[in-house]
Amino acid sequence: MNADILSCQELTKSYGGVKAVTGASFTVGAGEIVGLVGPNGAGKSTMVDLIGGEQQPDSGQVLAGGVPLAGSPSRRARRAGLARTYQYPQVAGALTARENIIVGGLARGLSSGLGLLAAAARGVVAPAGRALREEAGQIAARLGLHRIDRLAADLTLGELRLLEVARALLQHPRIALLDEPFAGLASDGIAGLSESIRTVAAGGTAVLLVDHNVDIVASMADRMVLMAGGTVVFDGAPRDCLASTEMQAVYFGTGQVDR
Ligand SMILES: Nc1ncnc2c1ncn2[C@@H]1O[C@H](COP(=O)(O)OP(=O)(O)OP(=O)(O)O)[C@@H](O)[C@H]1O
Ligand SMILES: [Mg+2]
């Protein structure tokens, strides 16, 4: 049986009066793809932020390899091999796609396109070895992201999502958190991304895959976690999740399918 690389235990988080997450627990094992689904506002991105360190829980904890995961996002990246993508891509528009991929976590927070910060980042990226530049190109190509020497500012939203995934994969993460990577992708992009996610999981990475496309998630995931109103309402095999009364209630109870 796979060890649980990632374990969320009774996480609770409020923003002011808004209860975003209440007592949410689930695990992701090594080499496992866990799909996290649920309607808008269910608390999925908040869970990703609590794991990634962008937000601190009011209570509960996150364990990586059995050890409490704490501190800043960059500390978590170093200590636990954690890499993530953002629902709203965080890239430096003044850098090329390749530079953004290589600069990894350093590019976070540069999304405002501030020229000075981008120039500083370029100073970090420029000396990157040829091997790293080539690996960035290979990872991007497998994802279906081409012509990566374009400025990130010129990429479509779908391409920016692929850029974020490429950046995460270049870090060879033990834990990968992917927040809506399929959103806005055409079918060829979906195929390349699906294949890359399967490959990285086959290499032993624990993958948490958040997406509204329940069919894609179900086709890829080993397990599915369904959240609604900040709580986990189902955790089990994709087939069981799709057939569950909880799924019916969450997605069809209101007569609205959330895609
Ligand atoms: N930074 C924030 N400040 C205040 N409220 C927030 C913040 N982030 C999230 N929320 C609220 O917390 C709740 C959960 O939001 P969250 O973004 O985690 O949901 P989600 O499942 O990712 O939704 P979506 O599918 O739309 O991305 C929502 O009510 C949201 O409005
Ligand atoms: Mg979200």
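## Strands S3 and S9

In which sense do strand S3 and S9 pair, and over how many bridges? Strand S3, residues 33-37, pairs with S9 in the parallel sense, and four bridges join the two. One place to look is Leu36, whose bridge partner in S9 is Val225. As you explore, keep in mind that this is a predicted model.

Strands of a sheet pair through backbone hydrogen bonds, and the pairing can be either parallel or antiparallel. S9 offers an example of the antiparallel sense as well: S9 and strand S10 (residues 231-236) pair that way over five bridges. Here Met224 stands opposite Gly236 in S10. The two strands form a hairpin with two residues between them. Gly229 sits in the turn and has a positive phi of about 55°.

## How S9 is enclosed

Is strand S9 buried or exposed? Six of the six residues of S9 (residues 223-228) are buried, so this strand is largely enclosed by the rest of the structure.

In a regular strand the side chains alternate between the two faces of the sheet. You can follow this along S9: Arg223, Val225 and Met227 point one way, while Met224, Leu226 and Ala228 point the other way. The residues on both sides are buried.

## An open sheet of four strands

Another part of the model to visit is an open sheet of four strands, in the order S2-S1-S4-S5, with antiparallel pairing. Its edge strands are S2 and strand S5 (67-68), each of which pairs on one side only.

Further in, strand S1 (residues 4-15) and strand S4 (residues 59-64) pair in the antiparallel sense over five bridges. Within this pairing, Ser7 has Leu63 in S4 as its bridge partner.

## The surroundings of ligand 1

Which residues are closest to ligand 1? They are Asn40, Lys44, Thr46, Gln87 and His212, out of 14 residues that surround the ligand. By class, this shell has five nonpolar, seven polar and two charged residues. Strand S2 (18-29) and helix H1 (44-52) each supply at least two residues of the shell. The largest share, three residues, comes from H1.

Oxygen atoms of ligand 1 have several polar partners in the protein. A backbone N or O atom of Gly43 lies 3.0 Å from an oxygen atom of the ligand. For Lys44, a polar side-chain atom is 2.7 Å from a ligand oxygen. In the side chain of Thr46, an N or O atom lies 2.6 Å from an oxygen atom of ligand 1. Taken alone, ligand 1 exposes 630 Å², and the protein buries 63% of that.

## The magnesium ion

Which residues coordinate the magnesium ion, ligand 2? Ser45 does so through OG and Gln87 through OE1, at 2.0 to 2.1 Å. This pair links distant parts of the chain, with the two positions 42 residues apart in numbering. Ser45 belongs to helix H1, whereas Gln87 lies in the loop between strand S6 (82-84) and helix H3 (97-103).

Ser45 has a relative accessibility of 21%, so this residue counts as partly exposed. The reason is that buried means under 20%.

## A stop at Leu151

Finally, look for Leu151 in the loop between helix H5 (130-143) and helix H6 (157-170). At 36% relative accessibility, Leu151 counts as partly exposed. Leu151 and Arg98 are 53 residues apart along the chain, and their C-alpha atoms are separated by 8.7 Å.

Technical notes. Residues numbered from 1 in each chain as written. Chains lettered and ligands numbered in written order. Predicted model: local features only at pLDDT ≥ 70, side-chain atom pairs only at ≥ 80, totals over all residues. Heavy atoms only, no water. Near = heavy atom within 4 Å. Polar contact = N/O pair within 3.5 Å; in protein donor to acceptor, adjacent residues only side chain to side chain. Areas by Shrake-Rupley, 256 points an atom, 1.4 Å probe, with all protein chains shown as cover. Nonpolar A, V, L, I, M, F, W, Y, C, P; charged D, E, K, R; others polar. Donors = N, O, S within 2.8 Å, 3.2 Å for Na, K, Ca; no water. Buried < 20%, exposed > 50% of the residue type's maximum accessible area, 1.4 Å probe, protein only. Pairing = 2+ DSSP bridges.
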